[in-house]
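Q: I'm new to this one, so please take a close look at a single part for me: the surroundings of the ligands. Tell me what lines them and what touches what.

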Amino acid sequence: MTTLAILTAAGSGTRLGREIPKAFVPVGGVPMIALAARGLADSGAVDAVVVTSPPGRAADMVAALGALPIPVEVVDGGSTRQASVAAGLRRADASTDVVLVHDAARPLAPPALVARVVAAVRSGHPAVVPGLPVTDTIKRVAPDAGAPAPPGDDTTPVVERVVDTLDRTVLRAVQTPQGFDRELLQRAHAEGAARAAAEHLAATDDAGLVEALGVPVHLVRGDSAALKITTPYDLAVAELLLEGR
Ligand SMILES: Nc1ccn([C@@H]2O[C@H](COP(=O)(O)OP(=O)(O)OP(=O)(O)O)[C@@H](O)[C@H]2O)c(=O)n1
Ligand SMILES: C[C@](O)(CO)[C@H](O)COP(=O)(O)O
């Protein structure tokens with residue numbers, strides 16, 4: 001039985017603000033997608049990768065990926081991250097028992113983290129996420145608050161009413177790769193797709209779809225190097241991390 005990794009790379013990277021899709025943006029001179037795929041391959045725990053690409057950009061994605069020691073397939077992604085994962089999941093067959101879902105936006109996720117998640121699934125946990133303790137105080141704002149100003153926009157006078165302070169000792173910042181029993185993830189996506197269509201609300205991570213089934217999700221120690229490159233600041237941090245390797 002094999003481990004298939006779905007590498008989500010079909011996003012546009014709006015918050016990063018580049019002219020090209022985020023997966024093609026270089027970090028330390030290497031396309032983000034290539035770094036992410038290498039981290040999966042170097043773990044020794046992944047047998048094949050399916051990359052979700054911006055529609056129509058498969059050739060560019062193959063070129064950006066470069067040569068890898070494990071089989072890689074590129075498929076068109078969807079309009080949401082959830083839809084993209086579903087597209088990748090359709091490539092998983094009965095020979096796959098474990099599926100990882102990993103963001104190309106987390107290109108520096110260490111191979112040891114990938115192996116840790118796979119090992120936890122193979123030890124009997126059907127759904128596993130990596131997470132880190134929260135170091136900021138987290139507050140909930142009033143639901144009627146407007147969307148926060150975009151990063152770098154200091155002109156919009158955004159004042160949101162705080163409702164309460166969450167106990168951060170029981171909070172975790174969850175990352176990827178997330179690991180799952182294949183059949184469980186397929187069931188979670190099948191049921192989640194109907195809900196997303198009805199509520200126009202896609203899940204922000206795959207573990208959320210599994211939680212909606214009432215199936216326990218387990219957390220393993222994450223890694224700060226698995227930061228998600230969302231904004232230009234994150235990209236600058238990632239460049240520095242890569243220099244320090
Ligand atoms: N329709 C989508 C949207 C996102 N992703 C992928 O999901 C990961 C996490 O999404 P995010 O960091 O939000 O990427 P973008 O959606 O590209 O960023 P933005 O929201 O700023 O546009 C990324 O690797 C992205 O390529 C995807 O495969 N398909
Ligand atoms: C899946 C994820 O990386 C877990 O933290 C995160 O939810 C992705 O969020 P994004 O807004 O799609 O980048």
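A: Here's a walk around one ligand, then the other, and then the protein parts beside them.

First, a bit of housekeeping. This is a predicted model, where local features need pLDDT of at least 70 and side-chain atom pairs count only at pLDDT 80 or more, while totals for chains, interfaces and linings use all residues. Residues are numbered from 1 along each chain as its sequence is written, chains are lettered from A and ligands numbered from 1 in the order written, and side-chain values use heavy atoms, leaving out hydrogens and water.

Let's start with ligand 1. It has 19 residues around it, and Thr-8, Gly-13, Thr-14, Arg-15 and Ser-84 come nearest (around means having a heavy atom within 4 Å). That shell divides into 4 nonpolar, 10 polar and 5 charged residues; here Ala, Val, Leu, Ile, Met, Phe, Trp, Tyr, Cys and Pro count as nonpolar, Asp, Glu, Lys and Arg as charged, and the others, Gly among them, as polar. Now for the polar atom pairs, where N or O atoms count if they are within 3.5 Å. A polar backbone atom of Thr-8 is 2.7 Å from an oxygen atom of ligand 1. In the side chain of Lys-22, an N or O atom is 2.8 Å from a ligand 1 oxygen, and a backbone N or O atom of Ala-105 lies 3.2 Å from one. On its own, ligand 1 has 570 Å² of accessible area, and the protein covers 86% of it (areas by the Shrake-Rupley method with a 1.4 Å probe).

Next comes ligand 2. Its neighbours are Arg-15, Arg-81, Asp-103, Arg-106, Val-174, Thr-176, Thr-204, Asp-205 and Lys-228. By type, they split into 1 nonpolar, 2 polar and 6 charged residues. A polar side-chain atom of Asp-103 lies 2.6 Å from an oxygen atom of ligand 2, and one from Lys-228 lies 2.7 Å from a ligand 2 oxygen. Thr-204 uses its backbone: an N or O atom there lies 2.8 Å from an oxygen of ligand 2. Taken alone, ligand 2 exposes 360 Å², and the protein buries 75% of that.

So where do they sit? Ligand 1 sits in the largest pocket, and the space taken by ligand 2 is the largest pocket too. A pocket is an open set of points on a 1 Å grid over the protein atoms alone, with protein on both sides within 12 Å along at least five of seven lines, and a molecule sits in it if more than half of its atoms lie within 2 Å of its grid points.

Arg-15 is worth a second look, since it is listed around both ligands. Arg-15 lies in the loop between strand E1 (2–8) and strand E2 (26–27); strands are DSSP runs of at least two residues, numbered from the N terminus. Arg-15 counts as exposed because its relative accessibility is 56%, with exposed meaning over 50%, protein chains only. The C-alpha atoms of Arg-15 and Ala-105 are separated by 12 Å, although these residues are 90 apart along the chain.

Finally, back to Thr-176, one of the residues around ligand 2. A cis peptide bond joins Thr-176 to Pro-177, with omega about 10 degrees. Most peptide bonds are trans. Pro-177 itself is in the loop between strand E10 (172–174) and strand E11 (178–181).

Conventions: Polar contact = N/O pair within 3.5 Å; in protein donor to acceptor, adjacent residues only side chain to side chain. 1 Å grid on protein atoms, 1.4 Å probe; cavity = no way out; pocket = protein on both sides within 12 Å on 5 of 7 lines; lining within 4 Å. Helix = DSSP H or I, 4+ residues; strand = E, 2+ residues; numbered from the N terminus. Buried < 20%, exposed > 50% of the residue type's maximum accessible area, 1.4 Å probe, protein only.
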